[in-house]
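Subject: Structure for your review

Dear colleague,

Please find below the structure that I am handing over to you. I would be grateful if you could read the notes after it with the model open beside you.

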Amino acid sequence: MTDEIVKRLKAALASEWQAYYQYWVSAVIAIGKGMPGIVNEFKDHADEEKEHADLIAERLYQLGETPVFRPSDWEANADCPYPHYDGMTTLVLLDQNLEAEKCAVKNYQELAKLTAEADDFATNDMVVEILRDENEHETDLAKLKFYIMAQNGNQDSPNKPVNE
């Protein structure tokens, strides 16, 4: 186990808590827009992000490390930036969550390589499992975005409210 792996696990944990909250906020905003399918997708993703946080926190304890607990530390330690919610449309929410998933996929790919090179098989198995979920999230969001844009004749941009 290297210090770099511990650092990256703590960053991943902070990112997972941010992702959980980001999906929760997205679901609340989407409720107001009358998009139950998207609300459910955001809620499902939020639940899975929390499961990832649980796995990472447990692994950090197994390694004798302390997880990142304070919400104020999440943004400072996270691998991925947290979005700003101003004038949200459904497409903006999807775009922001897609960007977060792309960042997560990239970071978990790097962490998978790092843990494999360090022969840390237990951490690697966990990271690869999370990576599969993050890839699935990215695909789900891309499909939802395509569906909404197709419904609206591909006329929408992230700055134009979606006709919901």
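The notes that follow concern one helix and then several salt bridges.

Please keep in mind that this is a predicted model.

Helix α2

Helix α2 covers residues 36-62, which makes 27 residues. At 1.5 Å a residue, a helix of 27 residues should span 39 Å, and the end C-alpha atoms of α2 are indeed 39 Å apart, so the expected and computed values agree.

Which residues of α2 are buried? They are I38, V39, F42, H45, A46, E49, H52, A53, I56, A57, R59 and L60. The elements that cover these buried residues include α1 (3-32), α4 (90-117) and α5 (121-151). Just after α2 comes G64, and its phi is positive, at about 80 degrees.

Salt bridges

Side chains of opposite charge can pair when their charged atoms come close. How many salt bridges does a search of the whole structure find? The search finds 9, and some of them are described here.

One lies within α2 itself. D54 and K50 form a salt bridge, with 3.1 Å between their closest N and O atoms. Both residues belong to helix α2 and stand 4 residues apart, about one turn of the helix. D54 has a relative accessible area of 37%, so it counts as partly exposed. K50 is likewise partly exposed, at 34%.

A second salt bridge joins D73 to R70, where the closest N and O atoms are 3.5 Å apart. Are these two residues buried, partly exposed or exposed? D73 is partly exposed, because its relative accessible area is 25% and the partly exposed class runs from 20% to 50%. R70 is exposed, because its relative accessibility of 52% is over 50%.

A third salt bridge is formed by the side chains of D95 and K145, at 2.6 Å from N to O. This pair links distant parts of the chain, since D95 is in helix α4 and K145 is in helix α5, 50 residues apart. D95 has a relative accessible area of 17%, which is under 20%, and therefore D95 is buried. K145, at 23% relative accessibility, counts as partly exposed.

Finally, R8, K106 and E110 are linked in a network of salt bridges.

As you look through the model, you might begin with α2 and its buried residues, among them F42 and L60, and then turn to the pair D95 and K145.

Yours sincerely,
A colleague

Conventions
Residues numbered from 1 in each chain as written. Predicted model: local features only at pLDDT ≥ 70, side-chain atom pairs only at ≥ 80, totals over all residues. Heavy atoms only, no water. Helix = DSSP H or I, 4+ residues; strand = E, 2+ residues; numbered from the N terminus. Expected span 1.5 Å × (residues − 1). Buried < 20%, exposed > 50% of the residue type's maximum accessible area, 1.4 Å probe, protein only. Contact = heavy atoms within 4.5 Å. Salt bridge = Lys/Arg side-chain N within 4 Å of Asp/Glu carboxyl O.
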